[in-house]
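Work through these short exercises with the structure open beside you. Try each task before you read its solution.

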Amino acid sequence: MTDPIADYLTRLRNAIKASHRIVEIPASNIKKEITKVLHDKGYIQNYKFEENGPQGSIKIALKFNPTTKQNAIVNLTRVSTPGLRKYVKHDSLPRVINGLGIAIISTSKGVMTDKEARVEGVGGEVLCYVY
């Protein structure tokens with residue numbers, strides 16, 4: 001697999017379109033950090049890191065409204081790819097839908113949202129947009 005973050009986002013996207021409640025994804029440190037950010041910002045209901053096998057896995061419970069058939073995540077877009085990395089400085093961090101969505105940034109101080117990176121005053125690699 002050449003792009004594990006794109007695989008992570010695709011598995012989430014497919015589970016949302018199929019109206020699954022739980023999705024299981026192979027674990028890595030960057031995927032765990034992205035999962036924590038999504039949970040902290042209220043895009044997923046819960047998560048659990050399991051240590052089975054050499055790699056482990058992440059079980060994610062998606063946030064889903066049964067009356068309106070809507071998920072909390074409307075769109076997941078990969079920005080930086082292995083072939084074309086997208087780095088930004090702290091003064092040019094992207095705004096997703098005028099602040100309604102989040103951009104997940106990998107910085108020297110860890111994985112965080114664009115709003116947290118503005119407060120910290122750090123730039124980094126833009127991993128994805130979520131709204």
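**Exercise 1: A charge and a ring pair**

The charged end of Lys32 sits over the ring of Phe49, 5.4 Å from its centre. Keep in mind that this is a predicted model.

Task: Find which ring pairs with Phe49, and classify the pair.

Solution.
- Step 1. Count the pairs. The structure holds 1 aromatic pair.
- Step 2. Take the two values. The ring centres of Tyr47 and Phe49 are 5.1 Å apart, and the planes meet at 45°.
- Step 3. Apply the cut-offs. Centres must lie within 6.5 Å; planes under 30 degrees apart are stacked, and those over 60 are edge-to-face. The angle here is 45°, so the pair of Tyr47 and Phe49 is tilted.

**Exercise 2: Buried or exposed?**

Task: Sort Tyr47, Phe49, Val23 and Asp114 by their relative accessibility.

Solution.
- Step 1. Recall the limits. Buried means under 20%, exposed means over 50%, and partly exposed lies in between.
- Step 2. Tyr47 has 25%, so Tyr47 is partly exposed. Phe49 has 29%, so Phe49 is partly exposed too.
- Step 3. Val23 has 9%, so Val23 is buried. Asp114 has 1%, so Asp114 is buried.
- Step 4. Place the buried two. Val23 lies in strand S1 (residues 22–26). Asp114 lies in helix H3 (residues 114–120).
- Step 5. Look at what surrounds them. Leaving out residues up to four places away in sequence, Val23 touches Arg11, Leu12, Ala15, Ile58, Lys59 and Ile60. With the same residues left out, the contacts of Asp114 include Leu93, Arg95 and Ile105.

**Exercise 3: Check a helix**

Task: Test the span of helix H2 (residues 29–40) against 1.5 Å a residue.

Solution.
- Step 1. Count residues. H2 has 12.
- Step 2. Use one less than that number, times 1.5 Å. The expected span is 16 Å.
- Step 3. Compare. The end C-alpha atoms of H2 are 17 Å apart, which agrees.
- Step 4. See which residues of H2 are buried. Among them are Lys32, Ile34 and Leu38.
- Step 5. Look past the end. Gly42 follows H2, and its phi is positive, near 85°.

**Exercise 4: Positive phi without glycine**

Task: Where do Ser19 and Ile97 lie?

Solution.
- Step 1. Read the angles. Phi is near 60° in Ser19 and near 50° in Ile97.
- Step 2. Locate them. Ser19 is in the loop between helix H1 (4–17) and S1. Ile97 is in the loop between strand S7 (87–88) and strand S8 (102–107).
- Step 3. Check accessibility. Ser19, at 40%, is partly exposed. Ile97, at 41%, is partly exposed.

Definitions and conventions: Residues numbered from 1 in each chain as written. Predicted model: local features only at pLDDT ≥ 70, side-chain atom pairs only at ≥ 80, totals over all residues. Heavy atoms only, no water. Phe/Tyr/Trp six-rings, centres within 6.5 Å; stacked < 30°, edge-to-face > 60°. Buried < 20%, exposed > 50% of the residue type's maximum accessible area, 1.4 Å probe, protein only. Lys NZ or Arg CZ within 6 Å of the ring centre and 35° of its normal. Helix = DSSP H or I, 4+ residues; strand = E, 2+ residues; numbered from the N terminus. Contact = heavy atoms within 4.5 Å.
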